[in-house]
Amino acid sequence: MFAIVEIAGLQYKVEQDQKLFVNRLSGEKGDKVTFDKVLLTVNGATVVGAPAVSGIAVEAEIIEHLKADKVIVFKKKRRKGYAKKNGHRQSLTQIKIVSITGFDGAKKSSAKTETKATTKKSSKKGDDLTLIEGIGPKVAELFAGAGITSFADLAKKTKEELEAILDPNGAVYAAMDPTTWPQQAQLAADGKFEELETLKGQLKGGKA
(Lines give C-alpha, C1' and ligand atoms only; values in the text may rest on other atoms or scores of the structure.)
Protein backbone atom coordinates (compact mmCIF):
# COMPACT_ATOMS: atom_id res chain seq x y z
CA MET A 1 0.00 0.00 0.00
CA PHE A 2 1.42 3.36 -0.99
CA ALA A 3 0.38 6.79 -2.18
CA ILE A 4 1.86 9.62 -4.19
CA VAL A 5 1.24 12.87 -2.35
CA GLU A 6 2.19 16.49 -2.84
CA ILE A 7 4.05 17.96 0.13
CA ALA A 8 5.34 21.53 0.13
CA GLY A 9 5.20 21.72 -3.66
CA LEU A 10 6.95 18.41 -4.40
CA GLN A 11 5.60 14.91 -5.04
CA TYR A 12 6.62 11.93 -2.91
CA LYS A 13 5.86 8.23 -2.92
CA VAL A 14 5.01 7.39 0.70
CA GLU A 15 4.18 4.33 2.79
CA GLN A 16 3.21 3.90 6.43
CA ASP A 17 6.12 4.28 8.91
CA GLN A 18 8.36 5.76 6.19
CA LYS A 19 10.66 8.63 7.18
CA LEU A 20 11.56 11.31 4.66
CA PHE A 21 12.91 14.84 4.32
CA VAL A 22 10.70 17.54 2.80
CA ASN A 23 10.92 21.31 2.38
CA ARG A 24 10.48 23.14 5.67
CA LEU A 25 7.00 22.81 7.18
CA SER A 26 5.40 25.00 9.81
CA GLY A 27 4.93 23.36 13.18
CA GLU A 28 6.99 22.04 16.06
CA LYS A 29 8.64 18.71 16.80
CA GLY A 30 5.96 16.13 17.58
CA ASP A 31 3.17 18.01 15.79
CA LYS A 32 0.85 16.04 13.53
CA VAL A 33 0.34 17.26 9.96
CA THR A 34 -2.12 16.10 7.30
CA PHE A 35 -1.67 16.20 3.53
CA ASP A 36 -4.81 15.78 1.44
CA LYS A 37 -3.46 16.40 -2.07
CA VAL A 38 -3.03 12.71 -2.88
CA LEU A 39 -2.46 12.13 -6.60
CA LEU A 40 -2.43 8.33 -6.69
CA THR A 41 -3.08 5.40 -4.35
CA VAL A 42 -2.32 1.69 -4.63
CA ASN A 43 -4.06 -0.60 -2.15
CA GLY A 44 -5.06 -3.71 -4.08
CA ALA A 45 -6.71 -1.36 -6.56
CA THR A 46 -5.02 1.62 -8.18
CA VAL A 47 -6.79 4.98 -8.11
CA VAL A 48 -5.49 7.97 -10.06
CA GLY A 49 -6.76 11.40 -9.07
CA ALA A 50 -8.08 14.03 -11.42
CA PRO A 51 -6.07 15.78 -10.15
CA ALA A 52 -6.46 14.49 -6.56
CA VAL A 53 -8.06 11.39 -5.04
CA SER A 54 -10.99 12.42 -2.87
CA GLY A 55 -11.37 10.96 0.60
CA ILE A 56 -7.69 10.07 1.04
CA ALA A 57 -5.27 11.83 3.40
CA VAL A 58 -1.71 11.19 4.50
CA GLU A 59 -1.03 11.82 8.18
CA ALA A 60 2.52 12.45 9.37
CA GLU A 61 4.45 13.50 12.46
CA ILE A 62 7.20 16.12 12.50
CA ILE A 63 10.42 14.56 13.78
CA GLU A 64 12.78 17.53 13.50
CA HIS A 65 13.70 20.66 11.59
CA LEU A 66 17.18 20.84 10.09
CA LYS A 67 19.25 22.18 7.23
CA ALA A 68 20.73 20.25 4.31
CA ASP A 69 24.44 20.17 3.52
CA LYS A 70 25.83 23.45 2.25
CA VAL A 71 25.91 23.99 -1.50
CA ILE A 72 28.66 26.34 -2.71
CA VAL A 73 27.96 28.68 -5.63
CA PHE A 74 31.04 30.37 -7.10
CA LYS A 75 30.83 33.05 -9.79
CA LYS A 76 33.79 34.51 -11.64
CA LYS A 77 34.23 36.80 -14.62
CA ARG A 78 37.47 36.47 -16.53
CA ARG A 79 39.68 39.55 -16.71
CA LYS A 80 37.09 41.57 -14.78
CA GLY A 81 38.45 41.06 -11.29
CA TYR A 82 35.06 39.71 -10.27
CA ALA A 83 34.72 36.67 -8.04
CA LYS A 84 31.90 35.88 -5.67
CA LYS A 85 31.32 32.87 -3.47
CA ASN A 86 28.01 32.08 -1.79
CA GLY A 87 26.77 29.17 0.25
CA HIS A 88 23.22 27.89 0.66
CA ARG A 89 21.71 25.37 3.08
CA GLN A 90 18.16 24.32 2.28
CA SER A 91 15.77 24.32 5.24
CA LEU A 92 14.21 20.86 5.63
CA THR A 93 11.81 19.01 7.89
CA GLN A 94 12.06 15.30 8.63
CA ILE A 95 8.67 13.64 8.96
CA LYS A 96 7.37 10.14 9.63
CA ILE A 97 4.31 8.85 7.79
CA VAL A 98 1.88 7.74 10.50
CA SER A 99 -0.96 6.52 8.31
CA ILE A 100 -2.72 6.76 4.96
CA THR A 101 -6.41 7.12 5.75
CA GLY A 102 -9.68 6.96 3.85
CA PHE A 103 -9.14 3.96 1.58
CA ASP A 104 -12.66 2.66 2.22
CA GLY A 105 -14.16 5.71 0.55
CA ALA A 106 -11.40 6.51 -1.88
CA LYS A 107 -12.42 7.31 -5.40
CA LYS A 108 -11.19 9.28 -8.34
CA SER A 109 -12.58 12.78 -8.20
CA SER A 110 -14.30 12.56 -11.56
CA ALA A 111 -15.23 8.85 -11.53
CA LYS A 112 -17.92 6.80 -9.80
CA THR A 113 -16.00 3.52 -9.61
CA GLU A 114 -12.44 2.26 -9.42
CA THR A 115 -10.88 -0.72 -11.18
CA LYS A 116 -7.91 -2.91 -10.38
CA ALA A 117 -4.46 -2.01 -11.66
CA THR A 118 -4.36 -4.95 -14.04
CA THR A 119 -7.45 -3.79 -15.91
CA LYS A 120 -7.44 -0.03 -15.40
CA LYS A 121 -7.22 2.06 -18.55
CA SER A 122 -6.67 5.78 -18.56
CA SER A 123 -9.47 8.06 -19.69
CA LYS A 124 -9.32 9.87 -22.99
CA LYS A 125 -8.66 13.18 -21.29
CA GLY A 126 -7.63 14.71 -18.02
CA ASP A 127 -4.71 12.42 -17.10
CA ASP A 128 -2.02 14.02 -14.94
CA LEU A 129 0.96 13.91 -17.30
CA THR A 130 3.25 15.25 -14.57
CA LEU A 131 3.31 11.68 -13.19
CA ILE A 132 5.71 10.99 -16.06
CA GLU A 133 9.34 11.47 -14.98
CA GLY A 134 10.72 14.53 -16.76
CA ILE A 135 7.36 16.24 -17.41
CA GLY A 136 6.44 19.27 -15.35
CA PRO A 137 3.32 21.47 -15.39
CA LYS A 138 4.64 23.72 -18.18
CA VAL A 139 5.41 20.80 -20.49
CA ALA A 140 2.00 19.30 -19.70
CA GLU A 141 0.42 22.60 -20.79
CA LEU A 142 2.38 22.55 -24.05
CA PHE A 143 1.24 19.00 -24.74
CA ALA A 144 -2.38 19.87 -23.91
CA GLY A 145 -2.19 22.66 -26.48
CA ALA A 146 -1.00 20.08 -28.99
CA GLY A 147 -3.89 17.74 -28.18
CA ILE A 148 -1.96 15.40 -25.87
CA THR A 149 -4.09 15.21 -22.74
CA SER A 150 -3.97 11.55 -21.72
CA PHE A 151 -1.42 8.82 -21.10
CA ALA A 152 -2.75 7.03 -24.18
CA ASP A 153 -2.20 10.12 -26.35
CA LEU A 154 1.38 10.46 -25.13
CA ALA A 155 2.13 6.75 -25.56
CA LYS A 156 1.32 7.01 -29.29
CA LYS A 157 3.86 9.76 -29.93
CA THR A 158 7.42 9.26 -31.11
CA LYS A 159 10.45 11.03 -29.68
CA GLU A 160 10.68 13.14 -32.84
CA GLU A 161 7.03 14.23 -32.60
CA LEU A 162 7.49 15.29 -28.99
CA GLU A 163 10.68 17.19 -29.81
CA ALA A 164 8.80 19.03 -32.55
CA ILE A 165 6.43 20.33 -29.86
CA LEU A 166 9.16 21.20 -27.35
CA ASP A 167 11.87 22.75 -29.54
CA PRO A 168 10.04 25.94 -30.67
CA ASN A 169 9.49 26.98 -27.05
CA GLY A 170 13.07 27.84 -26.18
CA ALA A 171 16.42 26.35 -25.23
CA VAL A 172 15.20 24.86 -21.93
CA TYR A 173 12.53 22.79 -23.66
CA ALA A 174 14.77 21.96 -26.63
CA ALA A 175 17.30 20.45 -24.21
CA MET A 176 14.76 18.00 -22.79
CA ASP A 177 15.01 14.33 -23.73
CA PRO A 178 11.54 12.77 -24.21
CA THR A 179 12.91 9.35 -25.22
CA THR A 180 11.27 7.42 -22.37
CA TRP A 181 8.08 9.46 -22.06
CA PRO A 182 5.97 7.29 -24.42
CA GLN A 183 7.17 4.14 -22.62
CA GLN A 184 6.25 5.60 -19.23
CA ALA A 185 2.90 6.79 -20.58
CA GLN A 186 2.08 3.31 -21.91
CA LEU A 187 2.66 1.81 -18.46
CA ALA A 188 0.38 4.46 -16.93
CA ALA A 189 -2.26 3.92 -19.63
CA ASP A 190 -2.22 0.19 -18.85
CA GLY A 191 -2.56 0.84 -15.12
CA LYS A 192 0.90 -0.59 -14.37
CA PHE A 193 1.80 2.11 -11.88
CA GLU A 194 4.10 -0.04 -9.77
CA GLU A 195 6.15 -0.85 -12.88
CA LEU A 196 6.09 2.85 -13.75
CA GLU A 197 7.47 3.78 -10.32
CA THR A 198 10.25 1.20 -10.74
CA LEU A 199 11.16 2.64 -14.14
CA LYS A 200 11.08 6.22 -12.83
CA GLY A 201 13.50 5.21 -10.10
CA GLN A 202 16.00 4.31 -12.81
CA LEU A 203 15.64 7.61 -14.63
CA LYS A 204 16.85 11.15 -14.09
CA GLY A 205 14.68 13.83 -15.67
CA GLY A 206 13.20 11.23 -18.01
CA LYS A 207 16.61 10.03 -19.22
CA ALA A 208 17.76 6.45 -18.87
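What percentage of the 208 residues in the chain do buried residues make up? In this predicted model, buried residues account for 38% of the chain.

**Figure 1. Overview of the predicted chain.** The secondary structure of the chain consists of six helices and twelve strands. Among contacts with a separation of 6 or more, 64% are between residues 24 or more positions apart. The close-up views that follow concern helix α3, the pair formed by α5 and α6, and a residue of strand β10.

**Figure 2. The buried and exposed sides of helix α3, residues 159-166.** Three residues of this helix, Leu-162, Ile-165 and Leu-166, are buried. They lie on the same side of α3, because the arc they cover around the axis is only 95°. An α-helix has 3.6 residues a turn, so residues three or four places apart point the same way. On the other side of α3, the exposed residues are Glu-160 and Ala-164.

**Figure 3. The surroundings of the buried residues of α3.** Several helices contribute to what covers these residues. Included are α1 (137-145) and α2 (151-155), together with α4 (171-174) and α5 (181-189). Helix α5 appears again in the next view, where its partner is α6.

**Figure 4. The crossing of helices α5 and α6.** Two packed helices are described by the angle between their axes and the distance between the axes. For α5 and α6 (residues 193-201), the axes come within 8 Å and cross at roughly 155°. The two helices are therefore roughly antiparallel, since an angle over 145 degrees is counted in this way. The crossing in which α5 passes α6 is left-handed.

**Figure 5. Residues at the contact of α5 with α6.** From α5, the residues that meet the other helix are Gln-183, Gln-184, Leu-187 and Ala-188. Their counterparts in α6 are Phe-193, Glu-195, Leu-196, Leu-199 and Lys-200. Sorted by class, the contact of α5 with α6 comprises five nonpolar, two polar and two charged residues.

**Figure 6. Lys-85 in strand β10.** Strand β10 spans residues 82-88 and contains Lys-85. Is Lys-85 buried or exposed? Lys-85 counts as exposed because its relative accessibility is 60%, and the cut-off for exposed is over 50%. When residues up to four places away in sequence are not counted, Lys-85 touches Ile-72, Val-73 and Phe-74. Of these, Val-73 is twelve residues from Lys-85 along the chain, and the C-alpha atoms of the two are separated by 5.8 Å.

How values were computed: Residues numbered from 1 in each chain as written. Predicted model: local features only at pLDDT ≥ 70, side-chain atom pairs only at ≥ 80, totals over all residues. Heavy atoms only, no water. Buried < 20%, exposed > 50% of the residue type's maximum accessible area, 1.4 Å probe, protein only. Helix = DSSP H or I, 4+ residues; strand = E, 2+ residues; numbered from the N terminus. Arc of directions from axis to C-beta. Contact = heavy atoms within 4.5 Å. Axes fitted to C-alpha atoms, helices over the stretch in contact; angles between N-to-C directions. Parallel < 35°, antiparallel > 145°, perpendicular 65-115°, else oblique. Left-handed = near helix turned anticlockwise from the far one by under 90°. Nonpolar A, V, L, I, M, F, W, Y, C, P; charged D, E, K, R; others polar.
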